[in-house]
Amino acid sequence: MSALLRASCVLLLGLLFASSSSCRDRVRIPPHDQVARVARFVAHQVDWASMATVSTHEPVVGRPFSNVFSVSDGPESSGTGVPYMYLTRMEISVQDLQVNPEASLSMSLAQTDFCRLQGFDPQSPLCAHVILTGSVLEVKGLEAEFAKKSLFSRHPEMMEWPSDHNWFFCKFNITQVWVLDYFGGVKTVSPEDYFLASLHKKHH
Ligand SMILES: *[C@@H]1O[C@H](CO)[C@@H](O)[C@H](O)[C@H]1NC(C)=O
């Protein structure tokens, strides 16, 4: 290999490395002891969540029932921490919510490239995951407009969903945040601390 070729390979590798590390910088997980920020980070990174409801359907009436929903807490890089959803009363879990709006939402960085790239098993607490408990509430007016912008920007297919299904916008009203982001057991964060936490690093 000529010296010139070698030099250009080194340069190319250098450029690749520089660009990939700056990509990572943009989406770097907050330190694990900043639990509320980690929770906000996970809630913003994921595009979907598993939602558990109390079933109203035979033969599992009264039992936990977990199902997948598309979520968004705001347009790309401007997360509010509030997971919004686009729902129809034709859906099995939404029928549960009509009877009992209490639910829990699980979200994990296993749903992004993070855990795979780091070599963290989804069940490892290092593969940060959160469980939000609370209830699902319909939103109207300005908040529904914001939910629409948040969801449709990250799930463009929603614009094409059949209009005769009477879709409506909801938010997940958080009463407690449970965080697994390190060894030593689950940590809890109050909704107040969760919403006060900054998604991005503070520059002061
Ligand atoms: C919404 O969540 C707050 C806690 O963040 C709680 O005080 C309030 O009762 C909840 N509202 C409903 C309707 O569940």
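Two strands are taken to pair if DSSP finds at least two bridges between them. The exercises below apply this to a predicted model.

**Exercise 1. Establish the overall make-up of the chain, and state what part of its residues is buried.**

Solution. Counting the elements gives six helices and seven strands. Along the sequence these follow the pattern α-α-β-β-β-α-β-α-β-α-β-β-α. The chain has 204 residues, of which 27% count as buried. Turning to the contacts with a separation of 6 or more, 65% of them are made by residues 24 or more positions apart.

**Exercise 2. Determine which strands pair with strand 6, in what sense, and over how many bridges.**

Solution. Begin with strand 3 (84-87), which pairs with strand 6 in the antiparallel sense over four bridges, a count that satisfies the requirement of at least two. Within this pairing, M85 stands opposite C170 of strand 6.

Next take strand 5, which runs antiparallel to strand 6 and is joined to it by 10 bridges. Here L132 stands opposite V177, while I131 has W178 as its bridge partner in strand 6.

Finally, three bridges join strand 6 to strand 7 (residues 187-189), again in the antiparallel sense, and V177 has V189 as its bridge partner in strand 7. The hairpin formed by strand 6 and strand 7 has six residues between the strands, and within this hairpin G184 takes a positive phi near 110°.

To carry the pairing on from strand 5, note that strand 5 also pairs with strand 4 in the antiparallel sense, over seven bridges, with S135 of strand 5 as the bridge partner of E102.

**Exercise 3. Decide whether helix 2 is enclosed or open to the outside, and identify what covers its buried residues.**

Solution. The cut-off needed here is that a residue is buried if 20 or more other C-beta atoms lie within 10 Å of its own. By this criterion 10 of the 11 residues of helix 2 are buried, so the helix is largely enclosed by the rest of the structure. The buried residues are V35, A36, R37, V38, A39, R40, F41, V42, A43 and H44. Their cover includes strand 4, strand 5, strand 6, strand 7 and helix 6 (191-196).

The largest nonpolar core leads back to this helix. This core has 38 residues, and those with the most contacts inside it are A39, V42, V130, V177 and V179. Two or more residues come from each of helix 2, strand 1, strand 3, strand 4, strand 5, helix 5 and strand 6, and helix 2 gives the largest share, seven residues. V130 illustrates how the elements meet: leaving aside neighbours within four places in sequence, V130 is in contact with A39, V42, A43, M107, V177, W178 and V179.

**Exercise 4. Separate the buried from the exposed residues of helix 3, and explain why the buried ones line one face.**

Solution. In helix 3 (residues 92-99), S93, D96 and L97 are buried. Viewed down the helix axis, the buried residues fall within an arc of 100°, so they line one face of the helix. On the other side of helix 3, I92, Q98 and V99 are exposed. The packing partners of the buried residues are strand 1 (48-54), strand 2 (64-70), strand 4 (102-108) and strand 5 (129-138).

**Exercise 5. Describe the shell around the ligand by residue, by element and by class.**

Solution. The residues that surround the ligand are G134, S135, L137, N173, I174, T175 and P191. The elements that give two or more residues to this shell are strand 5 and strand 6 (168-180). Sorted by class, the shell has three nonpolar and four polar residues, with no charged ones. S135 thus belongs to the list around the ligand and is also the bridge partner of E102.

**Exercise 6. Place N166, and determine whether it is buried or exposed.**

Solution. N166 lies in the loop between helix 5 and strand 6. With 10 C-beta neighbours inside 10 Å, N166 counts as exposed, since the exposed class takes residues with 12 or fewer. In sequence N166 and L87 are 79 residues apart, yet in space they are 8.3 Å apart, C-alpha to C-alpha. Leaving aside neighbours within four places in sequence, the contacts of N166 are T88 and R89.

Note on methods
Residues numbered from 1 in each chain as written. Predicted model: local features only at pLDDT ≥ 70, side-chain atom pairs only at ≥ 80, totals over all residues. Arc of directions from axis to C-beta. Contact = placed C-beta atoms within 7 Å. Near = placed C-beta within 6 Å. Nonpolar A, V, L, I, M, F, W, Y, C, P; charged D, E, K, R; others polar. Core = buried A, V, L, I, M, F, W, Y, C linked by C-beta atoms within 7 Å.
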